[in-house]
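Good morning, colleagues. Please take a moment with the sequence and the structure on the screen before I begin.

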Amino acid sequence: MIYGAMKFSIGGPLKLAFRPWVEGLENIPAEGPAILASNHLSFSDSFFLPAVLDRKVTFIAKAEYFTTPGIKGRMTAAFFKGVGQLPVDRSGARGAGEAAIKSGIDVIERGELFGIYPEGTRSPDGRLYRGKPGGLARVALATGAPVIPVAMIDTEKIQPPGKVMPKLMRPGIRIGKPLDFSRYSGMEHDRFVLRAVTDEVMYEIMKLSGQEYVDMYATAAKRQIADAAKAEKDAEKAAKAALAQAEKQAAKEQAEKQAAEQAEKQAAEQRAAEEQAEQQAAEQAEKQAAEEQAEQQAAEQAEKQAAEKQAEQGTAGEAEPTDRQRSGS
(Lines give C-alpha, C1' and ligand atoms only; values in the text may rest on other atoms or scores of the structure.)
Protein backbone atom coordinates (compact mmCIF):
# COMPACT_ATOMS: atom_id res chain seq x y z
CA MET A 1 0.00 0.00 0.00
CA ILE A 2 2.77 2.42 0.94
CA TYR A 3 4.70 1.47 -2.18
CA GLY A 4 1.65 2.13 -4.35
CA ALA A 5 1.05 5.51 -2.70
CA MET A 6 4.72 6.50 -3.07
CA LYS A 7 4.78 5.33 -6.69
CA PHE A 8 1.64 7.33 -7.44
CA SER A 9 2.91 10.47 -5.70
CA ILE A 10 6.47 10.26 -7.07
CA GLY A 11 6.39 8.03 -10.12
CA GLY A 12 3.51 9.87 -11.80
CA PRO A 13 5.05 13.37 -11.58
CA LEU A 14 8.47 11.89 -12.46
CA LYS A 15 7.16 10.40 -15.70
CA LEU A 16 5.20 13.55 -16.48
CA ALA A 17 8.16 15.88 -15.92
CA PHE A 18 10.96 13.83 -17.52
CA ARG A 19 9.02 11.56 -19.92
CA PRO A 20 11.53 8.67 -19.83
CA TRP A 21 11.55 6.46 -22.91
CA VAL A 22 11.51 2.69 -22.45
CA GLU A 23 12.44 -0.23 -24.68
CA GLY A 24 11.85 -3.90 -23.87
CA LEU A 25 9.02 -3.65 -21.34
CA GLU A 26 7.72 -6.93 -22.73
CA ASN A 27 10.77 -8.64 -21.22
CA ILE A 28 9.46 -8.00 -17.68
CA PRO A 29 7.30 -10.98 -16.60
CA ALA A 30 3.75 -10.14 -15.56
CA GLU A 31 4.18 -12.37 -12.53
CA GLY A 32 6.78 -14.51 -10.82
CA PRO A 33 10.26 -13.69 -9.55
CA ALA A 34 13.02 -12.10 -11.57
CA ILE A 35 16.27 -10.25 -10.94
CA LEU A 36 16.69 -6.87 -12.61
CA ALA A 37 20.43 -6.23 -13.00
CA SER A 38 21.13 -2.64 -13.99
CA ASN A 39 24.01 -0.31 -14.56
CA HIS A 40 24.16 2.50 -12.02
CA LEU A 41 24.64 6.10 -13.18
CA SER A 42 22.60 8.16 -10.73
CA PHE A 43 20.74 8.01 -7.42
CA SER A 44 17.60 8.52 -9.52
CA ASP A 45 18.00 5.10 -11.20
CA SER A 46 16.05 3.52 -8.34
CA PHE A 47 13.18 5.93 -9.02
CA PHE A 48 12.97 5.93 -12.81
CA LEU A 49 13.00 2.14 -13.24
CA PRO A 50 10.12 1.43 -10.78
CA ALA A 51 8.23 4.41 -12.21
CA VAL A 52 7.92 2.77 -15.65
CA LEU A 53 7.05 -0.73 -14.38
CA ASP A 54 3.65 -1.96 -13.30
CA ARG A 55 5.17 -4.33 -10.75
CA LYS A 56 6.95 -3.50 -7.51
CA VAL A 57 10.75 -3.59 -7.61
CA THR A 58 12.75 -3.96 -4.41
CA PHE A 59 16.28 -2.59 -4.30
CA ILE A 60 18.84 -2.75 -1.51
CA ALA A 61 20.25 0.44 -0.02
CA LYS A 62 22.87 1.27 2.60
CA ALA A 63 21.59 1.08 6.17
CA GLU A 64 22.57 4.71 6.88
CA TYR A 65 19.50 5.81 4.94
CA PHE A 66 17.33 4.05 7.53
CA THR A 67 19.21 4.78 10.76
CA THR A 68 19.95 8.51 10.59
CA PRO A 69 18.54 10.14 13.76
CA GLY A 70 16.19 13.13 13.92
CA ILE A 71 13.13 14.16 11.96
CA LYS A 72 15.00 14.30 8.67
CA GLY A 73 16.40 10.83 9.28
CA ARG A 74 12.97 9.37 10.02
CA MET A 75 11.52 11.01 6.92
CA THR A 76 14.37 9.64 4.80
CA ALA A 77 13.85 6.15 6.22
CA ALA A 78 10.12 6.32 5.56
CA PHE A 79 10.75 7.46 2.01
CA PHE A 80 13.18 4.66 1.16
CA LYS A 81 10.93 2.04 2.74
CA GLY A 82 8.02 3.46 0.79
CA VAL A 83 9.82 3.11 -2.55
CA GLY A 84 10.80 -0.49 -1.85
CA GLN A 85 14.37 -0.10 -0.61
CA LEU A 86 15.81 -2.65 1.85
CA PRO A 87 18.50 -1.62 4.35
CA VAL A 88 21.86 -3.38 4.15
CA ASP A 89 24.66 -2.77 6.66
CA ARG A 90 27.80 -2.06 4.64
CA SER A 91 30.12 -1.71 7.64
CA GLY A 92 31.91 -4.91 6.68
CA ALA A 93 32.46 -6.06 3.09
CA ARG A 94 31.62 -9.71 3.72
CA GLY A 95 28.74 -8.89 6.08
CA ALA A 96 27.32 -6.46 3.54
CA GLY A 97 27.48 -9.08 0.78
CA GLU A 98 25.79 -11.75 2.85
CA ALA A 99 23.04 -9.32 3.90
CA ALA A 100 22.43 -8.32 0.28
CA ILE A 101 22.25 -11.97 -0.79
CA LYS A 102 19.81 -12.89 1.97
CA SER A 103 17.63 -9.84 1.16
CA GLY A 104 17.60 -10.77 -2.51
CA ILE A 105 16.70 -14.39 -1.85
CA ASP A 106 13.85 -13.31 0.45
CA VAL A 107 12.42 -11.04 -2.26
CA ILE A 108 12.71 -13.73 -4.94
CA GLU A 109 11.08 -16.33 -2.69
CA ARG A 110 8.10 -14.00 -2.32
CA GLY A 111 7.75 -14.12 -6.10
CA GLU A 112 8.71 -10.45 -6.55
CA LEU A 113 11.17 -8.45 -8.62
CA PHE A 114 14.57 -7.85 -7.06
CA GLY A 115 16.66 -4.96 -8.35
CA ILE A 116 20.44 -4.94 -7.99
CA TYR A 117 23.39 -2.94 -9.30
CA PRO A 118 26.22 -5.42 -10.02
CA GLU A 119 28.80 -2.61 -10.06
CA GLY A 120 28.09 -2.11 -6.36
CA THR A 121 28.11 1.68 -6.56
CA ARG A 122 27.44 4.51 -8.98
CA SER A 123 29.78 4.91 -11.92
CA PRO A 124 32.15 7.81 -11.21
CA ASP A 125 32.44 8.86 -14.86
CA GLY A 126 29.57 7.34 -16.86
CA ARG A 127 31.50 4.23 -17.95
CA LEU A 128 30.46 0.67 -17.12
CA TYR A 129 32.66 -1.02 -14.54
CA ARG A 130 33.34 -4.62 -13.65
CA GLY A 131 30.49 -6.35 -11.83
CA LYS A 132 31.00 -7.77 -8.36
CA PRO A 133 30.49 -11.55 -8.45
CA GLY A 134 28.83 -11.96 -5.03
CA GLY A 135 25.26 -10.70 -4.79
CA LEU A 136 23.84 -10.99 -8.28
CA ALA A 137 25.25 -14.38 -9.26
CA ARG A 138 24.66 -16.04 -5.89
CA VAL A 139 21.02 -14.92 -5.71
CA ALA A 140 20.45 -16.05 -9.30
CA LEU A 141 22.04 -19.47 -8.77
CA ALA A 142 20.48 -20.01 -5.34
CA THR A 143 16.95 -19.24 -6.53
CA GLY A 144 17.03 -20.14 -10.22
CA ALA A 145 15.33 -16.79 -11.01
CA PRO A 146 15.97 -15.31 -14.45
CA VAL A 147 18.27 -12.30 -14.68
CA ILE A 148 16.98 -9.42 -16.77
CA PRO A 149 19.71 -6.96 -17.86
CA VAL A 150 18.68 -3.30 -17.69
CA ALA A 151 20.46 -0.23 -19.05
CA MET A 152 19.78 3.20 -17.59
CA ILE A 153 20.68 5.86 -20.14
CA ASP A 154 21.58 9.52 -19.48
CA THR A 155 20.23 9.54 -15.91
CA GLU A 156 23.58 10.96 -14.72
CA LYS A 157 22.99 14.04 -16.89
CA ILE A 158 19.78 15.01 -15.12
CA GLN A 159 21.51 16.18 -11.97
CA PRO A 160 25.31 16.09 -12.23
CA PRO A 161 27.38 16.34 -9.02
CA GLY A 162 27.32 19.86 -7.60
CA LYS A 163 24.06 20.82 -9.32
CA VAL A 164 21.10 21.64 -7.10
CA MET A 165 18.33 21.83 -9.68
CA PRO A 166 17.75 18.85 -11.98
CA LYS A 167 17.84 19.29 -15.72
CA LEU A 168 14.59 18.51 -17.52
CA MET A 169 15.53 15.96 -20.16
CA ARG A 170 14.43 12.52 -21.29
CA PRO A 171 16.42 9.65 -19.79
CA GLY A 172 16.12 6.19 -21.28
CA ILE A 173 15.59 2.66 -20.00
CA ARG A 174 16.46 -0.31 -22.17
CA ILE A 175 15.41 -3.74 -20.89
CA GLY A 176 17.02 -6.87 -22.31
CA LYS A 177 15.80 -10.43 -22.64
CA PRO A 178 15.91 -12.67 -19.54
CA LEU A 179 19.09 -14.69 -19.01
CA ASP A 180 18.80 -18.28 -17.79
CA PHE A 181 21.63 -19.63 -15.63
CA SER A 182 19.99 -22.92 -14.64
CA ARG A 183 22.95 -24.72 -16.22
CA TYR A 184 24.98 -23.59 -13.20
CA SER A 185 22.44 -24.80 -10.63
CA GLY A 186 24.07 -25.83 -7.34
CA MET A 187 27.36 -24.08 -8.19
CA GLU A 188 26.71 -20.82 -6.35
CA HIS A 189 29.85 -21.29 -4.25
CA ASP A 190 32.18 -21.77 -7.22
CA ARG A 191 33.97 -18.44 -7.65
CA PHE A 192 34.76 -19.11 -11.29
CA VAL A 193 31.10 -19.76 -12.02
CA LEU A 194 30.09 -16.63 -10.10
CA ARG A 195 32.60 -14.65 -12.15
CA ALA A 196 31.34 -16.11 -15.42
CA VAL A 197 27.67 -15.39 -14.59
CA THR A 198 28.46 -11.80 -13.55
CA ASP A 199 30.58 -11.14 -16.64
CA GLU A 200 27.84 -12.47 -18.93
CA VAL A 201 25.28 -10.14 -17.34
CA MET A 202 27.67 -7.16 -17.54
CA TYR A 203 28.28 -7.91 -21.21
CA GLU A 204 24.55 -7.78 -21.92
CA ILE A 205 24.23 -4.52 -19.98
CA MET A 206 27.12 -3.09 -22.00
CA LYS A 207 25.38 -4.01 -25.27
CA LEU A 208 22.15 -2.38 -24.08
CA SER A 209 23.72 0.80 -22.72
CA GLY A 210 26.48 1.36 -25.26
CA GLN A 211 28.81 2.30 -22.41
CA GLU A 212 32.56 1.90 -22.51
CA TYR A 213 33.52 -1.07 -20.34
CA VAL A 214 36.29 -0.76 -17.75
CA ASP A 215 37.71 -4.01 -16.36
CA MET A 216 38.05 -2.79 -12.79
CA TYR A 217 35.67 -2.24 -9.91
CA ALA A 218 33.96 1.14 -9.65
CA THR A 219 34.96 1.39 -5.99
CA ALA A 220 38.64 1.09 -6.99
CA ALA A 221 38.10 3.67 -9.73
CA LYS A 222 36.54 6.04 -7.20
CA ARG A 223 39.56 5.56 -4.93
CA GLN A 224 41.88 6.30 -7.83
CA ILE A 225 39.90 9.40 -8.74
CA ALA A 226 39.85 10.51 -5.10
CA ASP A 227 43.59 9.85 -4.77
CA ALA A 228 44.27 11.73 -8.00
CA ALA A 229 42.11 14.62 -6.83
CA LYS A 230 43.93 14.64 -3.48
CA ALA A 231 47.31 14.49 -5.21
CA GLU A 232 46.26 17.33 -7.50
CA LYS A 233 45.02 19.32 -4.51
CA ASP A 234 48.24 18.63 -2.60
CA ALA A 235 50.31 19.59 -5.64
CA GLU A 236 48.29 22.78 -6.03
CA LYS A 237 48.75 23.50 -2.34
CA ALA A 238 52.49 22.84 -2.60
CA ALA A 239 52.71 25.03 -5.70
CA LYS A 240 50.89 27.83 -3.90
CA ALA A 241 53.20 27.44 -0.90
CA ALA A 242 56.25 27.48 -3.18
CA LEU A 243 54.89 30.52 -4.99
CA ALA A 244 54.22 32.27 -1.69
CA GLN A 245 57.74 31.40 -0.52
CA ALA A 246 59.20 32.64 -3.79
CA GLU A 247 57.18 35.84 -3.55
CA LYS A 248 58.29 36.24 0.06
CA GLN A 249 61.91 35.68 -0.95
CA ALA A 250 61.53 38.08 -3.88
CA ALA A 251 59.97 40.66 -1.56
CA LYS A 252 62.84 40.17 0.88
CA GLU A 253 65.41 40.54 -1.87
CA GLN A 254 63.56 43.59 -3.18
CA ALA A 255 63.51 45.08 0.31
CA GLU A 256 67.23 44.35 0.72
CA LYS A 257 67.92 45.88 -2.68
CA GLN A 258 65.87 48.95 -1.80
CA ALA A 259 67.64 49.18 1.56
CA ALA A 260 71.02 48.91 -0.18
CA GLU A 261 70.01 51.53 -2.73
CA GLN A 262 68.74 53.76 0.07
CA ALA A 263 71.95 53.29 2.02
CA GLU A 264 74.00 54.00 -1.11
CA LYS A 265 71.88 57.05 -1.80
CA GLN A 266 72.30 58.27 1.78
CA ALA A 267 76.06 57.61 1.58
CA ALA A 268 76.25 59.53 -1.69
CA GLU A 269 74.23 62.37 -0.20
CA GLN A 270 76.50 62.30 2.87
CA ARG A 271 79.60 62.40 0.66
CA ALA A 272 78.13 65.20 -1.40
CA ALA A 273 77.24 67.10 1.76
CA GLU A 274 80.72 66.59 3.17
CA GLU A 275 82.32 67.67 -0.11
CA GLN A 276 80.07 70.71 -0.23
CA ALA A 277 80.92 71.50 3.39
CA GLU A 278 84.62 71.12 2.63
CA GLN A 279 84.26 73.30 -0.43
CA GLN A 280 82.36 75.93 1.54
CA ALA A 281 85.01 75.75 4.28
CA ALA A 282 87.76 76.15 1.70
CA GLU A 283 85.94 79.07 0.10
CA GLN A 284 85.43 80.58 3.54
CA ALA A 285 89.11 80.09 4.34
CA GLU A 286 90.08 81.67 1.03
CA LYS A 287 87.69 84.51 1.68
CA GLN A 288 89.07 84.97 5.19
CA ALA A 289 92.63 84.79 3.87
CA ALA A 290 91.75 87.37 1.25
CA GLU A 291 90.20 89.57 3.90
CA GLU A 292 93.27 89.17 6.12
CA GLN A 293 95.49 89.94 3.18
CA ALA A 294 93.39 92.97 2.38
CA GLU A 295 93.56 94.06 6.01
CA GLN A 296 97.30 93.52 6.00
CA GLN A 297 97.65 95.48 2.81
CA ALA A 298 95.47 98.19 4.26
CA ALA A 299 97.58 98.21 7.41
CA GLU A 300 100.75 98.36 5.39
CA GLN A 301 99.27 101.12 3.30
CA ALA A 302 98.30 102.96 6.43
CA GLU A 303 101.77 102.50 7.90
CA LYS A 304 103.25 103.66 4.66
CA GLN A 305 101.04 106.68 4.56
CA ALA A 306 101.79 107.39 8.20
CA ALA A 307 105.51 107.09 7.52
CA GLU A 308 105.26 109.35 4.51
CA LYS A 309 103.28 111.84 6.52
CA GLN A 310 105.76 111.72 9.34
CA ALA A 311 108.56 112.18 6.89
CA GLU A 312 106.84 115.14 5.40
CA GLN A 313 106.32 116.64 8.82
CA GLY A 314 109.96 116.13 9.68
CA THR A 315 111.07 117.88 6.56
CA ALA A 316 108.76 120.71 7.24
CA GLY A 317 110.11 121.08 10.79
CA GLU A 318 113.67 121.40 9.66
CA ALA A 319 112.80 124.08 7.12
CA GLU A 320 111.01 126.51 9.50
CA PRO A 321 114.11 127.90 11.50
CA THR A 322 115.90 128.64 8.31
CA ASP A 323 113.13 130.89 7.28
CA ARG A 324 113.14 132.58 10.61
CA GLN A 325 116.77 132.95 10.30
CA ARG A 326 116.26 134.61 7.00
CA SER A 327 113.70 136.95 8.29
CA GLY A 328 116.03 137.98 11.22
CA SER A 329 118.79 139.00 9.04
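**Salt bridges, strands, cores and rings**

Let me start with one contact in this predicted model: Arg127 and Asp125 meet through their side chains in a salt bridge, with 3.1 Å from N to O. Arg127 is partly exposed, at a relative accessible area of 28%, and Asp125 is likewise partly exposed, at 38%.

A further salt bridge joins Glu204 and Lys207, where the N to O distance is 3.4 Å. These residues are 3 apart in helix α7, which covers residues 191-209, and about one helical turn separates them. Lys207 is partly exposed, with a relative accessible area of 48%. Returning to the earlier pair, salt bridges with shared partners connect Asp125, Arg127 and Glu212 in one network.

Helix α5, residues 93-109, offers another case. Here Lys102 forms a salt bridge with Asp106, and the closest N and O atoms are 3.3 Å apart. The two residues are 4 apart in α5, a separation of about one helical turn. Is Lys102 buried or exposed? Lys102 is exposed, its relative accessible area being 54%, whereas Asp106 is partly exposed at 29%. In total, the structure holds 13 salt bridges.

I now place these contacts in the overall fold. The protein has 8 helices and 9 strands. Of its 329 residues, 31% are buried. The accessible surface comes to about 20700 Å², and carbon and sulfur atoms account for 54% of that surface. Considering contacts between residues at least 6 apart in sequence, 79% join residues at least 24 apart.

Next, the strands. Which residues lie on the two sides of strand β5? Strand β5 spans residues 113-116, with Leu113 and Gly115 on one side and Phe114 and Ile116 on the other. All four are buried, and both faces of the strand are thus covered. Strand β2, residues 34-38, runs parallel to β5 and is joined to it by 4 bridges. Within this part of the sheet, Ala37 stands opposite Ile116 of β5. Strand β3, residues 57-62, also pairs with β5 in the parallel sense, over 3 bridges. There, Val57 has Leu113 of β5 as its bridge partner.

I turn to the interior. In soluble globular proteins, nonpolar side chains tend to be buried together. The largest nonpolar core here has 24 residues, and Ile35, Val147 and Val201 touch the most other members. At least two residues of this core come from each of β2, α5, β5, α6 (135-143) and α7. Which element gives the most to this core? It is α7, with 6 residues; this is also the helix that carries the salt bridge between Glu204 and Lys207.

Val147 merits a closer look. Leaving aside residues up to four places away in sequence, Val147 touches Ile35, Ala37, Leu136, Ala140, Lys177, Pro178, Leu179, Phe181 and Val201. A second core is separate and holds 22 residues, including Ile28, Leu49, Phe59 and Val150.

Leu49 brings us to helix α2, residues 45-52, where 8 of the 8 residues are buried, so the helix is largely enclosed by the rest of the structure. The buried residues of α2 include Asp45 and Ser46 as well as Phe47, Phe48 and Leu49.

Finally, the aromatic rings. A pair of aromatic rings is described by the distance of the centres and the angle of the planes. The structure holds 3 aromatic pairs. In one of them, the ring centres of Phe18 and Phe48 are 5.6 Å apart and the planes stand at 85°, so the arrangement is edge-to-face. Phe18 belongs to helix α1, residues 2-18, and Phe48 to helix α2, so this pair ties together parts that are 30 residues apart in sequence. Phe18 is buried, with a relative accessible area of 10%, and Phe48 is buried at 3%.

Another pair consists of Phe43 and Phe47, whose ring centres are 6.4 Å apart with planes at 80°, so this pair too is edge-to-face. Are Phe43 and Phe47 buried or partly exposed? Phe43 is partly exposed, at a relative accessible area of 41%, whereas Phe47 is buried, at 17%.

Key:
Residues are numbered from 1 along each chain as its sequence is written. This is a predicted model: local features need pLDDT of at least 70, side-chain atom pairs count only at pLDDT 80 or more; totals for chains, interfaces and linings use all residues. Side-chain values use heavy atoms; hydrogens and water are left out. A salt bridge is a side-chain nitrogen of Lys or Arg within 4 Å of a carboxyl oxygen of Asp or Glu. Buried means under 20% relative accessible area, exposed over 50%, partly exposed in between (1.4 Å probe, protein chains only). Two strands pair if DSSP finds at least two bridges between them. A nonpolar core is a set of buried Ala, Val, Leu, Ile, Met, Phe, Trp, Tyr and Cys residues joined through side-chain atoms within 4.5 Å. Contact means heavy atoms within 4.5 Å. Accessible areas come from the Shrake-Rupley method with a 1.4 Å probe; for residues, only the protein chains shown count as cover. Rings of Phe, Tyr and Trp (its six-membered ring) pair if their centres lie within 6.5 Å; planes under 30 degrees apart count as stacked, over 60 as edge-to-face and the rest as tilted.
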